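Me: Hi! Could you walk me through a few local features of this one? I'll just ask as I go.

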Amino acid sequence: MDEVIQVTQWLSSITPRKKAKLFFFTTHADASSPMVGSNDVDTHEETQLPLATTVALHNFKNIDEFLKKKVNTFSCYNVIENEITKTDYEYLRFYSACKYLDVVPPFLDLEKISAIQNKFEMTDEERDYRLLLDSADLVLEKVCDSLKPAGVSQMWTALRKDRNLIRGVKTIDIIGFFVDPNPTGIKECLFFFIVRFLQKADKINRVNTNRLERLIAQCDESSSCEEGKTIDFIIDSLRFYPTELYPFGFCLIMCVIEGRDGAMQEIEKTMEISRHLGMITHTEKNPTKETIELVKKELMKPKYQFYSSLTCWFMSHGDSNSMVLADGETIEREWFLTSFPDISTFQLKPKVFFMVSCRGANKFSLKGDEFEGQSATCDYYDIGSALIRNRMLDITDSVRDISYVQPMMDTLVAYSTILDHLSGRANTHGSIYVDRACVLMSENISRGRSLTEILEHLSQDLHEILQETMDEDRIVYKQACHYDSFFRKTLKLPYTRHPKEDVHSAPQ
């Protein structure tokens, strides 16, 4: 069959709502935009044009032309070995969006997709289409689904009132002041136009969503929300880090085994909980400084930009400032914590570091005979991986900027103990902190709890446990953990996880 006929038939089979979403998922706001009010015409205006004309004219002609052009580009594209191009990214995004919306063209060349994934050095797990979806766009899609046409129309009215924001932007005028967003698919086009416009104007991004939240807050509750939704519910959904679908993120486990009884148990537990959370996991046993440098270099590869979060467990001996590596060398804890968050592939994404090591020799000792023999450090403390359970100032826009971000922002560092103090271990099961952290996270999957809530619970739980030193004095003591947060949003554990058998090793 002629390719033109195939494309036409494919487009005719897609509903207007799905066309709007497919356009949204395959256009991104990665590039910096010109200053608002600039007369320069660039691809940002061209990207917005199909959405604007669809809303203004109530037809999908320009979006259809855009999608046809995409298909034609991919049809003629020859995959270049060892060189990742812009078209490679666009091809993967287009495929993942089509797969998500269940509108994959029957003539799409899946061998090309596999060849592109080879260039990205993707493992079998990483070839799952869900990894390629932008989690921030998925959140915005759900916000759109929660709003009625009247709500999106009210957002548009509120946006048009901001003269400084819309000055000189030609696509704003194409839509006009008053629109009818009721025909099928028009609501989505208008909402996605507002989102992309704010992104191109550097007013929102995957972390900074205040401007969008303010537009939604101006909607009339009684007429703007779909049944079962409220304005507060919709706004709250924007205040979490976007970690939709599979995988929840990338998990790096680095553990020094030499001289640390129970270290293998630590690895097993952290691997089990990370997989249970839906993370793709990599383990480094007995890391050295060279290992750490190689891991950092690995995480800078292009494929890691598709991940929505980074979690790192680092388990070793240590003191107040340093951590001991497998070869006996030490690294500064501060150096480690400041070098990883600066990796560009994980900027504007949550990064969590579990630092499990002593930070000194001090201990909160308990006096009195009643504590004799009451220690969780002995072998009878038997909670291992097998028992992880399944159960008000007016701050104007002129003094706001979201373009420059401190490297440590969107980072949380969780310490197994406080400064200058011991971090306790069980004889055969390794770090008690790791054990309790994994148990509490497993208990709270599907409960909608945030990570910081769980860490607060962990702090309470760990401080109840009596531990005992292994030296001659046999001192009973308590351990206190804590965390430092530079988060700008809330990180929630996933409500549901996808079973491992859902992960495909090749394009479907």
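Me: Which residues of α20 are exposed?

Reply: Q460 and E464 are exposed, on the other side of α20 from its buried residues. Bear in mind that this is a predicted model.

Me: And which residues of α20 are buried?

Reply: L451, I454, L455, L458, D461 and L462. Down the axis of α20, these buried residues fall within an arc of 125°, so they line one face of the helix. In general, an α-helix has 3.6 residues a turn, so residues three or four places apart point the same way.

Me: Nice. What do the buried residues of α20 pack against?

Reply: They pack against the strands β6 (351–356), β8 (411–415), β11 (467–468) and β13 (482–485), and against helix α19 (432–444).

Me: New topic: at what angle do α9 and α13 pack?

Reply: About 115°, with the axes of α9 (residues 149–160) and α13 (residues 210–217) 8 Å apart. The crossing is right-handed.

Me: Which residues make that contact?

Reply: M155, A158 and L159 come from α9, while α13 brings L212, L215 and I216. The contact of α9 with α13 has six nonpolar residues, no polar ones and no charged ones.

Me: Now the loops. What is phi for D102?

Reply: D102 has a positive phi of about 60°, although it is not a glycine. D102 is in the loop between α5 (86–101) and α6 (110–119), and is exposed, with a relative accessible area of 66%.

Me: And where is E121?

Reply: E121 is in the loop between α6 and α7 (129–132). Phi of E121 is also positive, near 60°, and at 47% relative accessibility E121 counts as partly exposed.

How values were computed: Residues are numbered from 1 along each chain as its sequence is written. This is a predicted model: local features need pLDDT of at least 70, side-chain atom pairs count only at pLDDT 80 or more; totals for chains, interfaces and linings use all residues. Side-chain values use heavy atoms; hydrogens and water are left out. Buried means under 20% relative accessible area, exposed over 50%, partly exposed in between (1.4 Å probe, protein chains only). Helices (H or I, at least four residues) and strands (E, at least two) are DSSP runs, numbered from the N terminus. The arc is that of the directions from the helix axis to the C-beta atoms. Contact means heavy atoms within 4.5 Å. Axes are lines fitted to C-alpha atoms, for helices over the stretch in contact, and angles run from 0 to 180 degrees between N-to-C directions. A crossing is left-handed if the near helix is turned anticlockwise from the far one by less than a right angle, and right-handed if clockwise. Ala, Val, Leu, Ile, Met, Phe, Trp, Tyr, Cys and Pro count as nonpolar, Asp, Glu, Lys and Arg as charged, and the others, Gly among them, as polar.
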